[in-house]
Amino acid sequence: MAIKKSSHPMLDYQKDSIRSKNFMEAANAVMPGGVTANIKYFDPHPLAMKEARGSKVIDMDDREYIDYVMGYGALVTGHGDERVKKAMTEYIENHGTWLFGTPHALEIEMGKRIQTHFPSMELLRYTNSGTEATLLALRMAAAYTGKHKVAKFEGHYHGGYDQMLVSVSPSMKEAGEEREPNSLPESKGIHPSHLRNTVVLPFNDLKACERILTEHRDEIGAVMIEPIQSGFIPPDLSFMKGLRQITKELNMVLIFDEVKTGYRTCLGGVQSIYGVTPDLTALGKAVGGGFPFGVVGGKRDILMQSAPSHGSDVFDASQSKNKTAQDVLFHSGTYNGHPMILAAGMAVLDILEKEMDVLLQRTNQLKQGIQEIFDRYQVNGKVIGMGSIFSVVLSPKGKIRNYRDLQKSDLATRKEIDFALLKRGIYLKPLNRYSVSTAHTEEDIRTTLTAYEEAIKEVYGGSRF
Ligand SMILES: Cc1ncc(COP(=O)(O)O)c(C=O)c1O
């Protein structure tokens with residue numbers, strides 16, 4: 001049955017979240033916009049949380065929600081997983097500290113574990129975030145190729161630093177030709193040189209990528225991609241294979257940013273699904289189990305540039321040093337390979353090795369259920385994504401292939417559905433993607449689908465339905 005759109009769920013939201021509203025007013029006096037990461041903000045004000053367990057979060061107005069943000073994908077085993085908690089507390093009890101500042105056993109154990117899932121990582125290094133991981137990957141690529149420009153795709157996010165804060169969510173008015181996108185700043189304060197040094201490519205358009213990359217073949221050393229755009233728009237297999245081939249031919253390091261997709265699409269990430277091996281991979285989010293963590297791994301030759309052996313410790317100012325800083329690729333950090341986080345990460349990988357299949361089944365159940373609701377009510381909605389992350393796009397277009405398709409979709413109605421869901425105890429930051437966790441139960445999925453159907457009726461049908 002086809003239904004017509006009406007109604008407005010915003011009023012209830014304001015009324016039901018009064019303590020969050022007051023909290024945000026107080027937060028405004030401490031932090032600009034009341035938040036310490038802009039992603040946490042949405043209009044009219046975000047919900048502030050006070051407690052979370054398993055698949056649920058509770059806000060300051062004592063309302064409980066089934067959480068599908070899950071720390072923007074990081075909490076793949078849900079909130080406060082007892083096994084993760086135990087691994088961390090046992091680590092302290094058994095080892096007496098939470099930071100050595102020296103090499104330690106978990107660095108190798110975790111590394112070997114990751115290498116079994118990601119065989120492309122012949123060697124790897126740890127960082128403290130996904131941002132740091134992609135940043136290090138770019139430095140490695142520039143050092144390896146001697147070429148300092150980078151290419152990225154329109155609509156792809158790789159972290160909050162100047163070089164990659166280019167055309168992440170560009171305005172369609174300024175974005176230029178679809179097949180030759182402009183490089184646009186994603187923030188105030190970006191030096192114009194970054195717009196010249198970061199070339200923007202159209203996702204899923206191999207011919208256009210080949211032309212642009214060939215044009216810049218002597219300058220571009222790295223091509224970085226979210227192999228599944230924003231964690232839910234998949235590439236064509238021919239596009240992935242073609243990109244691999246072109247980057248090889250043009251001596252460009254192909255970097256898969258699997259910060260969202262690693263340990264969420266499946267244990268081996270998008271590269272294992274597509275059978276395409278990048279030169280470097282960046283991981284973050286899920287692999288750290290909700291703690292600040294990142295990994296860069298890949299080809300031995302590229303990684304070895306950062307090896308400080310043979311007297312090349314960059315902080316060693318002694319005369320005996322036989323290499324200079326320029327001979328070694330800098331990578332350091334007080335917290336790199338933090339034992340507590342590695343202990344948490346190991347526990348997460350233990351859980352995922354056992355429970356990934358169930359997690360994927362449960363996510364599919366939810367995806368199929370939402371799609372059935374769209375089909376039943378003849379709403380032009382599509383549920384897209386792989387593994388335990390997906391999103392919902394309202395568009396009559398057959399296939400959503402890139403950022404521009406997404407911009408043409410009905411984002412306003414999608415937002416209304418998200419608010420109608422919030423009202424019914426389903427937590428998703430409006431317009432964001434869904435991240436399911438091993439803590440989500442069958443009952444959570446059923447409850448979510450009931451809420452989804454009601455939300456669709458409210459947004460499209462109003463009282464007439
Ligand atoms: C694909 C991708 N790369 C990098 C990052 C940055 O990771 P972090 O927020 O841990 O710095 C993110 C974060 O959302 C991401 O989604």
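A polar side-chain atom of lysine 260 lies 3.0 Å from an oxygen atom of the ligand, and this contact is a convenient place to enter the structure, which is a predicted model. On the nitrogen side of the ligand, a polar side-chain atom of aspartate 257 lies 2.6 Å from a nitrogen atom, while a polar backbone atom of tyrosine 157 is 3.5 Å from a nitrogen atom of the ligand. Taken on its own, the ligand has 390 Å² of accessible area, and the protein covers 81% of that area.

These three residues belong to a wider shell around the ligand, which also includes Ser129, Gly130, Thr131, His158 and Gly159, together with Glu226, Val259 and Lys285. When the residues of this shell are sorted by character, 2 fall into the nonpolar class, 5 into the polar class and 4 into the charged class.

From the ligand site, the reader may turn to the helices that pack against α14, which spans residues 442-461. Helix α13, made up of residues 411-423, has an axis that comes within 9 Å of the axis of α14, and the two cross at roughly 130°. Because oblique angles include those over 115 degrees that do not exceed 145, α13 counts as oblique to α14. The crossing in which α13 passes α14 is right-handed.

Helix α11, which runs through residues 339-376, also packs with α14, here at an angle of about 20° and with the axes 10 Å apart. Since angles under 35 degrees count as roughly parallel, α11 and α14 are described as roughly parallel to each other. In this pair, too, α11 passes α14 in a right-handed crossing.

Two details of the backbone, each in a loop, complete the tour. Aspartate 43 and proline 44 are joined by a cis peptide bond, with omega at about 0°, and proline 44 sits in the loop that lies between α2 (18-28) and β1 (49-53). Further along the chain, in the loop between β3 (64-67) and α3 (82-95), the reader will find tyrosine 72, a residue that has a positive phi of about 50° although it is not a glycine.

Note on methods. Residues are numbered from 1 along each chain as its sequence is written. This is a predicted model: local features need pLDDT of at least 70, side-chain atom pairs count only at pLDDT 80 or more; totals for chains, interfaces and linings use all residues. Side-chain values use heavy atoms; hydrogens and water are left out. A residue is near a molecule or strand if one of its heavy atoms lies within 4 Å of it. A polar contact is a pair of N or O atoms within 3.5 Å; within protein, one must be able to donate a hydrogen and the other to accept it, and residues adjacent in sequence count only if both atoms are side-chain atoms. Accessible areas come from the Shrake-Rupley method with a 1.4 Å probe; for residues, only the protein chains shown count as cover. Ala, Val, Leu, Ile, Met, Phe, Trp, Tyr, Cys and Pro count as nonpolar, Asp, Glu, Lys and Arg as charged, and the others, Gly among them, as polar. Axes are lines fitted to C-alpha atoms, for helices over the stretch in contact, and angles run from 0 to 180 degrees between N-to-C directions. Helices (H or I, at least four residues) and strands (E, at least two) are DSSP runs, numbered from the N terminus. Angles under 35 degrees count as roughly parallel, over 145 as roughly antiparallel, 65 to 115 as roughly perpendicular and the rest as oblique. A crossing is left-handed if the near helix is turned anticlockwise from the far one by less than a right angle, and right-handed if clockwise.
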